[in-house]
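The exercises below ask the reader to work from a sequence and its coordinates towards a description of fold, core, charge pairs and backbone geometry. Each task is followed by a solution that proceeds step by step.

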Amino acid sequence: MNKVILMGRLTRDPEVRYTQTNNTLVASFSLAVNRRFARQGEERQADFINIVAWNKTGEFCSKYFKKGQQVSIIGRIQTRTWDDEQGQKHYVTEVIAEEAYFADSKRDGEASGGFENTFGESVAQNAEFQVTSSDDDLPF
């Protein structure tokens, strides 16, 4: 299984380009993801992870994500190689975003009352539910 869940801050605004063959939108950006633990006496380290988002997910990221914003990405790891003009081989590992969410609090970022996924659906944040004592209290 190849599944990645990341939460971090954008190091730059998403960069948008279109493929030459079928004009598909591709957004690229990098996330600074804090490591879970820090060594005693040292600052917490961060990993800088390249993210690639295609089609509607890429469109969402390019439209709403900005440098410094905290976001959450769900996707998969992909590696690829290519040779440059000098014949030197290059390797890259990146995360292909399948889902993208706001992760800032309302105070910290521009997110509204909840999270919004890549399809524009609102996902409630801190939703309050009431527990009822019997089935008679249910509205349906």
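## Exercise 1: a serine in a strand

Serine 72 is buried, with a relative accessible area of 13% (buried means under 20% relative accessible area, exposed over 50%, and partly exposed in between, with a 1.4 Å probe and protein chains only). The model is a predicted one, in which local features need pLDDT of at least 70 and side-chain atom pairs count only at pLDDT 80 or more, whereas totals for chains, interfaces and linings use all residues. Residues are numbered from 1 along each chain as its sequence is written, and side-chain values use heavy atoms, with hydrogens and water left out.

Task: state where serine 72 is found and which residues serine 72 touches.

Solution. Step one is to place the residue: serine 72 is found in strand β5, where helices (H or I, at least four residues) and strands (E, at least two) are DSSP runs numbered from the N terminus. Step two is to list its neighbours: leaving aside residues up to four places away in sequence, serine 72 touches Leu6, Met7, Glu99, Ala100, Tyr101 and Ala103, a contact being heavy atoms within 4.5 Å. Step three is to look at polar atoms: a polar atom of the serine 72 side chain lies 3.4 Å from the backbone oxygen of leucine 6.

## Exercise 2: the fold and its core

Task: describe the order of secondary structure elements, then say which element gives the most to the largest nonpolar core.

Solution. Step one is the inventory, since the protein chain has 1 helix and 8 strands, and along the sequence these follow the pattern β-β-β-β-α-β-β-β-β. Step two concerns the chain totals: 32% of the 140 residues count as buried, and among contacts between residues at least 6 apart in sequence, 51% join residues at least 24 apart.

Step three is the core itself, a nonpolar core being a set of buried Ala, Val, Leu, Ile, Met, Phe, Trp, Tyr and Cys residues joined through side-chain atoms within 4.5 Å. The largest one has 17 residues, and those with the most contacts inside it are Leu6, Phe29, Leu31, Ile51, Cys61, Phe65 and Ile73. At least two residues of this core come from each of β1, β3 (25-34), β4 (46-54), α1 (55-64), β5 and β6, and β6 gives the most, with 4 residues. Isoleucine 51 illustrates the packing, for beyond four places in sequence its contacts are Leu6, Ala27, Ser28, Phe29, Leu31, Ile73, Val95 and Ala97.

## Exercise 3: charged pairs

Task: for three of the salt bridges, give the N to O distance and the parts of the chain that are linked.

Solution. A salt bridge is a side-chain nitrogen of Lys or Arg within 4 Å of a carboxyl oxygen of Asp or Glu, and by this rule the count comes to 6 salt bridges.

1. Aspartate 104 pairs with arginine 9, the closest N and O atoms being 3.3 Å apart. Aspartate 104 lies in the loop between β6 (89-102) and β7 (114-116), and arginine 9 in strand β1 (residues 4-10), 95 residues apart. Aspartate 104 is buried at 6% relative accessibility, whereas arginine 9 is partly exposed at 36%.
2. Arginine 76 and glutamate 98 meet at 3.3 Å, N to O, which links strand β5 (residues 70-83) to strand β6 across 22 residues.
3. Glutamate 94 and arginine 80 have their closest N and O atoms 2.6 Å apart, with glutamate 94 in strand β6 and arginine 80 in strand β5, 14 residues apart. Glutamate 94 is buried at 7% relative accessibility, while arginine 80 is partly exposed at 38%.

## Exercise 4: backbone angles and confidence

Task: locate the asparagines with positive phi, then state over which residues pLDDT stays under 50.

Solution. Step one starts from a general point: most residues other than glycine have a negative phi. Asparagine 23 has a positive phi of about 55 degrees, sits in the loop between β2 (15-18) and β3, and is exposed at 56% relative accessible area. Asparagine 55, with phi near 50 degrees, is in helix α1 and is partly exposed at 47%.

Step two turns to pLDDT, the predictor's confidence in each residue from 0 to 100, whose mean over the protein chain is 83, with 75% of residues reaching 70 or more. pLDDT stays under 50 over residues 109-116, for which the model has 19 contacts beyond four places in sequence, and also over residues 118-133, with 17 such contacts.

Methods
Polar contact = N/O pair within 3.5 Å; in protein donor to acceptor, adjacent residues only side chain to side chain.
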